[in-house]
Amino acid sequence: MTDTATKKLMLSFPRWKSERPIIYHLVKDYNLVVNVYRALITPEAEGHLVLDMTGTKADIQRGMEFVRTFDVTINETG
């Protein structure tokens with residue numbers, strides 16, 4: 001059995017990236033369970049998400065690397 005972990009993160013991304021299906025790919029491609037606590041997403045404005053990512057440590061790390069490819073800033077909130 002593989003150990004799972006949870007990371008609470010805040011994602012801040014540039015306005016031109018806010019229409020990308022980032023959460024979809026985290027779930028589908030990286031096998032993560034994503035729980036969104038807060039989101040402020042406005043077309044043509046900077047976006048922010050506060051969420052938990054749950055999965056294996058390796059999948060979480062790979063998912064975070066994927067998110068960074070969109071020039072998204074990731075801050076661990078707890």
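**A sheet, a helix and two loops**

In this predicted model, helix H2 lies across strands S1 (5-13), S3 and S4, and runs at about 5° to S1.

Visitor: Which strands stand at the edges of the sheet?

Guide: Let's start with the layout: the sheet is open, its 4 strands pair in the antiparallel sense, and their order is S2-S3-S1-S4. Two of them have a single partner strand each, so one side of each is left without a neighbour in the sheet. Those edge strands are S2 and S4.

Visitor: How much does the sheet twist from one strand to the next?

Guide: Picture stepping across the open sheet in the order S2-S3-S1-S4. From one strand to the next, the twist averages 25°.

Visitor: What is the bridge partner of Leu40 in S3?

Guide: S2 and strand S3 (residues 47-55) are antiparallel partners, paired over 7 bridges. Look across to S3 for the partner of Leu40, and you land on His48.

Visitor: Is Asn31 buried or exposed?

Guide: Find Asn31 in the loop between helix H1 (22-30) and strand S2 (33-40). Over 50% relative accessible area counts as exposed. Asn31 has 53% relative accessibility, so the word for Asn31 is exposed.

Visitor: What is the phi of Asp71?

Guide: Asp71 sits in the loop between helix H2 (57-68) and strand S4 (73-76), and is exposed, at 53% relative accessible area. Most residues other than glycine have a negative phi. Asp71 is not a glycine, yet its phi is positive, at about 60°.

Visitor: And what is phi near in Asn31?

Guide: Asn31 also belongs to a loop, the one between H1 and S2. Here too a residue other than glycine has a positive phi, near 55°.

Key
Residues numbered from 1 in each chain as written. Predicted model: local features only at pLDDT ≥ 70, side-chain atom pairs only at ≥ 80, totals over all residues. Heavy atoms only, no water. Helix = DSSP H or I, 4+ residues; strand = E, 2+ residues; numbered from the N terminus. Buried < 20%, exposed > 50% of the residue type's maximum accessible area, 1.4 Å probe, protein only. Pairing = 2+ DSSP bridges. Axes fitted to C-alpha atoms, helices over the stretch in contact; angles between N-to-C directions. Contact = heavy atoms within 4.5 Å.
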